[in-house]
Amino acid sequence: MSILTQIAKSRQIYAFLNAQRRCKSSTVAEFKYQKKLNVPPESLGIVAGRKWLPGSTAQNNKFPKRIAAPKVNMPAVYTASETQTSVTTWAEKARGIIDSKLHIFGAILFRGLPILNSGHLAQFVKALGYEQHSYAGGSGTRRNVDDYIMTANDTDPSPFSIEPHNEMSYTNHYPHKILFYCDQPVGPGRGGENVIADGRVIEKHLHPDVLEKCDKLGFKYNNHAESRENVPGSYFTWQNAFRTEEKRVAEKLINEWGYDFEWSNDDSLTYWRYIPAFRTHPKTGERVWFSSPHAHHAEYLQNNPRMSTLRLPYNRYPYHCTYGDDSEIEPGVLQHMREVQWQAAVGFHMQKSDLLVLDNLFALHGRLGFTGERKLLVAMTMN
């Protein structure tokens, strides 16, 4: 090869690399907004008459035949334009959308982000800059898998459908935002739809007499937690609930939260608190219905495959909810709450790397039962 040929070839290579650099530098990381997630309604799961779904087999129930397809801005969809930009840069851009839009929409689905595993998710969540929220005092079982990141649900078997609910609304230290990340989507035709609903719509359709009574009395939430040492494999243990092996640590948290409690001779722990039916949204100042008594009632657990054969006094179930004056919530009221919530709910399947961000005071979440593998991770924030 002659010297002139080598020079010409070098110039071609240089020009090609320079063009590549210009192309890369001109790539703009931005989100494309889509007001409605398009999902064929016939592809979504059955609700009415569904096994392992509380209330769905009640006589003359008003559950919809299928979970409804997503509605306008429920959720709002923002798709990333490319995957070369760093996770932290995408987080900074997402923060702007979350701060300006989440309290309006209630639910935002981010799609196409370069979040491939729990480590990437931890980077993203940290870069968002919100104060992280612990799951201490939660009624389910979650494992920490990375900084700020937990499994979504290690308690309920996959066939069980989780009713729409606000996260930790049975406490006085609930998160304001909850983020669900799809690490492993469920296979086609296997169920597992993510379920979300707008609490503002639900409130409008609950009977005025129900709202008035709940507002007047509030709710008493009772938990009965076994000791892991005495009841291995228990549905609910105080060690999991308070993320500690020490009684004094659990008692410290209970006292900080203002709960009442008592220990039994078998080292099980019962604790209870009185919680209002309505809360004030920290950003909008709206007074909102923020209650999930149906999903914290012993009847809910009686419809769970893990506990369906047990018949215990209500106060010996892992959790139970009554009115604030200790009177039982009428079965008809619980059924009404469930029917209204499922009528308002929408469902869709999350894809790998999808990130669903919810305003916990406005949006409820749940899932339909599934078969096979499905793995979601979760993070929660204080603000």
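This passage describes the aromatic pairs, the charges over rings, the cysteines and the largest pocket of a predicted model.

Aromatic contacts make a good starting point. The structure contains 18 aromatic pairs. One of them joins Phe219 and Trp289, whose ring centres are 6.4 Å apart; with the ring planes at 80°, the pair is edge-to-face, since planes over 60 degrees apart fall into that class. In sequence terms this pair links distant parts of the chain, as 70 residues separate the two partners. Phe219 belongs to strand S9 (residues 219-225), while Trp289 belongs to strand S13 (residues 287-289). Both partners can also be placed by their accessibility: Phe219 counts as buried at 1% relative accessibility, and Trp289 is likewise buried, with a relative accessible area of 4%. Elsewhere, ring pairs connect Phe31, Tyr33, Tyr78, Trp90, Phe105 and Phe110 into a cluster.

Aromatic rings also meet positively charged side chains. The charged end of Arg200 is placed over the ring of Phe362, at 3.9 Å from the ring centre. Arg287 lies over the face of Phe278, and here the distance to the ring centre is 4.2 Å.

The cysteines come next. A disulfide is a covalent bond between the sulfur atoms of two cysteines. In this model the count of disulfides is zero. For Cys214, the closest cysteine sulfur is that of Cys321, and at 8.7 Å it is too far away for a bond, given that a disulfide requires the two sulfur atoms to be within 2.5 Å. Seen from the other side, Cys321 is in no disulfide, and its nearest cysteine sulfur is that of Cys214, 8.7 Å away. Cys214 is buried, with a relative accessible area of 0%, and Cys321 also counts as buried, at 0% relative accessibility.

Finally, the open space in the model was examined. Rolling a probe the size of a water molecule over the atoms shows where empty space is left. The largest pocket has a volume of about 660 Å³, and its lining is made up of 35 residues. Nearest the centre of this pocket lie Arg142, Ala152, Asn153, Asp156 and Ile162. Several strands take part in the lining: strand S6 (162-165), strand S8 (194-198), strand S17 (363-367) and strand S18 (375-381) each supply at least two residues. S17 gives the most, with three residues. By residue class, the lining of the largest pocket comprises 14 nonpolar, 13 polar and eight charged residues.

Key. Residues numbered from 1 in each chain as written. Heavy atoms only, no water. Phe/Tyr/Trp six-rings, centres within 6.5 Å; stacked < 30°, edge-to-face > 60°. Helix = DSSP H or I, 4+ residues; strand = E, 2+ residues; numbered from the N terminus. Buried < 20%, exposed > 50% of the residue type's maximum accessible area, 1.4 Å probe, protein only. Lys NZ or Arg CZ within 6 Å of the ring centre and 35° of its normal. 1 Å grid on protein atoms, 1.4 Å probe; cavity = no way out; pocket = protein on both sides within 12 Å on 5 of 7 lines; lining within 4 Å. Points joined across faces, edges and corners; volume = space filled by probe spheres on them. Nonpolar A, V, L, I, M, F, W, Y, C, P; charged D, E, K, R; others polar.
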